[in-house]
Amino acid sequence: MADPRPPVPQRGFFEVRWRQFRNAPRPVVRAVASSLVAALAGGLAFEVYDVALDRGAVMPGGDLRILVLTVYVFAVLVIGSLVTYFVVPLPSGAGRAHVTRTPWSAMLGLFAAIPVVYLVLVVLHEILKPLLLG
């Protein structure tokens with residue numbers, strides 16, 4: 001006997017990705033949001049420092065852009081990992097009675113922070129900086 005139900009239409013690639021984007025898991029959204037906030041705050045401070053040096057400001061210690069950039073990236077990675085560790089508990093299946101945090105919570109934050117810090121730097125340096133100097 002044939003199946004009376006009509007065949008389920010296949011969704012297109014972009015339709016599937018849009019649905020995944022709209023229904024992202026809360027831990028992933030929290031990890032990306034915490035890293036994004038840290039990256040934007042530090043990135044704006046770095047761009048202010050960079051623009052000040054480009055305009056001829058004399059800073060104590062001279063031009064320390066590479067050191068400041070290294071500290072910025074390291075700080076965003078650490079802050080993203082720590083904040084994610086504290087705000088993203090692992091699912092336990094037991095409701096909120098028992099909240100579990102493991103190093104994997106921090107790793108989720110680290111894995112979210114790596115592309116976020118890069119993308120924020122690219123956007124700020126390639127889009128915002130020319131607007132400020134222009």
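1. Surface of the chain. In this predicted model, the accessible surface of the chain comes to about 9800 Å², and carbon and sulfur atoms account for 72% of that area. Of the 134 residues in the chain, 22% are buried, a figure to keep in mind when reading the points on single residues below.

2. Overall build. The secondary structure comes to four helices and zero strands, and the order of the elements from the N terminus on is α-α-α-α. The chain has a radius of gyration of 21 Å, whereas the globule rule gives 14 Å for 134 residues, so the chain is more spread out than a compact globule. Along its principal axes, the C-alpha trace spans about 85 × 40 × 15 Å.

3. Contacts and charges. Among the contacts in the chain with a separation of 6 or more, 68% are made by residues that lie 24 or more positions apart. As for the charged groups, the chain carries 12 positive and 7 negative charges, and the mean positions of these two sets are 16 Å apart.

4. The largest nonpolar core. Nine residues make up this core, namely Ala-39, Phe-46, Tyr-72, Val-76, Val-116, Val-117, Val-120, Leu-121 and Leu-124. Helix H2 (26-54), H3 and helix H4 (103-133) each supply at least two of its residues, and H4 gives the most, with five. Val-117, a member of the core, touches Ala-39, Tyr-72, Val-73 and Val-76 when residues up to four places away in sequence are not counted.

5. Ser-81. Which helix holds Ser-81? Ser-81 has its place in helix H3, which covers residues 65-87. Its relative accessibility is 12%, and because buried means under 20%, Ser-81 counts as buried. Once its neighbours within four places in sequence are left aside, Ser-81 is in contact with Ala-106, Gly-109 and Leu-110.

6. Leu-53. This residue is placed in helix H2 and, with a relative accessibility of 14%, Leu-53 also falls into the buried class. Leaving aside neighbours within four places in sequence, the contacts of Leu-53 are with Met-59, Asp-63 and Arg-65. For one of these partners, Asp-63, the separation from Leu-53 is 10 residues in sequence and 7.3 Å in space, taken from C-alpha to C-alpha.

7. Trp-104. Is Trp-104 buried or exposed? Trp-104, whose place is in helix H4, is exposed, with a relative accessible area of 63%. From Trp-104 to Thr-84 the C-alpha to C-alpha distance is 9.9 Å, and the two residues are 20 residues apart in sequence.

8. Phe-111. Helix H4 is also the place of Phe-111, and with a relative accessible area of 51% Phe-111 is exposed. That value calls for a careful reading, because the exposed class takes in residues over 50%. Phe-111 and Asn-23 are 88 residues apart in sequence, and their C-alpha atoms are 19 Å apart in space.

Technical notes. Residues numbered from 1 in each chain as written. Predicted model: local features only at pLDDT ≥ 70, side-chain atom pairs only at ≥ 80, totals over all residues. Heavy atoms only, no water. Buried < 20%, exposed > 50% of the residue type's maximum accessible area, 1.4 Å probe, protein only. Contact = heavy atoms within 4.5 Å. Rg over C-alpha atoms; globule rule 2.2 N^0.38 Å. Areas by Shrake-Rupley, 256 points an atom, 1.4 Å probe, with all protein chains shown as cover. Lys, Arg positive; Asp, Glu negative; His and termini not counted. Charge placed at Lys NZ, Arg CZ, Asp CG, Glu CD. Core = buried A, V, L, I, M, F, W, Y, C linked by side-chain atoms within 4.5 Å.
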